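Grab your viewer and a pencil. Here are some short exercises, each with a worked solution.

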Amino acid sequence: MLCKKYANVYKLLVGRVTTNIADSLFYMAVLWYFKETGHSPFMVAVLLTVTSGIDMISFGLGPLIDRISMKKLLNYSTIIQAAISAAVVGVLQLGQSGIGVDAVVLILYTASTVLSTIIYPAETKLLPLFVAEKDMLHFNGLFQVTYGVLDLVLDGFATFLIATTSISMTVVISGVVFALALLTYGRLQINALAKDVLESEEYFTGSYWKDLHVGWQTLKDEKNILELILPLCVVNFFYGIFDVGLPYFGQSYVHDSAIGYGGLLLASSLGGIAGAFLVQHFKLGKKSMELFIAICFVGAGVFRLLVPLTAGLSVLLILLNSAISSLWLTMMNTDFEALVQVSFSSAVLGRIETINDSILSVMIPLGTMAGGLVVDRLGAISTQYIYGVTLLLAAVYYLGVVRHKANK
């Protein structure tokens, strides 16, 4: 039986799971529409660009997330997403094709993605109001396990639905799932104390631009977090390089087909799920969370370097080391998320989360652009070494930060 004390947390989890499912079904249906029905590689590229581009400019949504009532924000966003699903079905049922129809579908998809970009930080800022600091890692880990399992099955499930029914029916199902999410969000209970925290006048000015500046200034003043974010930007850049080289590395050293790349992705996913399970068992205070980030980077870096070092020995070792490296990275990401949540008031956390996402998201596309050149000049295996060394250097940096603070 679920603990009543954490009833709101489980409602939040169910809402987030259903929203995630609906998002994935909607995304895959639109992607398949452009790929198969529209036969438009250009529109597929535009769709992917829109998806990543929204993350990069998500900081602009922060003041809205922090100012609007949480229940209203979650409810109205989900209602509009369900309505967008219905609108897309209507457009597809007209049976028309062409640039005009493609533009309408893309605009509707963009609107739905923006709403999802609002929902996820809104849920993140609610979690610290429902659980104690010592339980933050446990519940963030629980959420991460759920996402990891969903990521393993959702894309395959969505393509199965499309293949066995139709694109329109898949969008209909996404709309129904959005409606289920709405039912869950409607049952959230935010008490008076939590409302007082969310509406703290200290973080609001009445002006969108000033509120946005307050978010940036609050992050800047919390040097503890800023010191941790900037190196993560560097890590994300080199992750982009690593990501480009991964399919080539998989084909060369795991299996000379798409199975090699798929095997590496599966190993990383399973390692990530294991890491999310494992991190739930840690009860760390704020200071210990910083040290734990450094430890996780050491583990991730060592096992990432073992991947190319064992490339000529055994495929099993490659996959195992990939999984363990992913395990450490997932624990690090979960720990960092919890550290951010306990370092700021929930009243400003929407702005902090979206600013962080924007800063970190912009570095990966830059890395992928550099990745093609690295693979071409140095080979795919070099991207494994480069990323592994970057992770270890990040660990050295974080250990230095922790030691410096301890000596003050």
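The exercises below cover aromatic pairs and then a buried charge.

A note on the source: this is a predicted model, where local features need pLDDT of at least 70, side-chain atom pairs count only at pLDDT 80 or more, and totals for chains, interfaces and linings use all residues. Residues are numbered from 1 along each chain as its sequence is written, and side-chain values use heavy atoms, leaving out hydrogens and water.

**Exercise 1.** Work out how the rings of F282 and F292 are arranged and which parts they tie together.

*Solution.* Start with the count: a search of the whole structure turns up 14 aromatic pairs (Phe, Tyr or six-membered Trp rings with centres within 6.5 Å; planes under 30 degrees apart are stacked, over 60 edge-to-face, the rest tilted). Next, F282 and F292 sit 4.9 Å centre to centre with 45° between the planes, which makes the pair tilted. Then place them: F282 lies in the loop between α11 (258-279) and α12 (286-309) and F292 in helix α12 (helices are DSSP runs of H or I, at least four residues), so the pair ties together parts ten residues apart in sequence. Finally, F282 is partly exposed at 28% relative accessible area, while F292 is buried at 7% (buried is under 20%, exposed over 50%, partly exposed in between; 1.4 Å probe, protein chains only).

**Exercise 2.** Find D211 and check what its charge has for company.

*Solution.* First, D211 belongs to helix α9 (residues 208-221). Second, D211 is buried without a salt bridge (a Lys or Arg side-chain nitrogen within 4 Å of an Asp or Glu carboxyl oxygen). The nearest side chain of opposite charge, R67, is 4.2 Å away (Lys and Arg count as positive, Asp and Glu as negative; His and chain ends are not counted).

Definitions and conventions
Helices (H or I, at least four residues) and strands (E, at least two) are DSSP runs, numbered from the N terminus.
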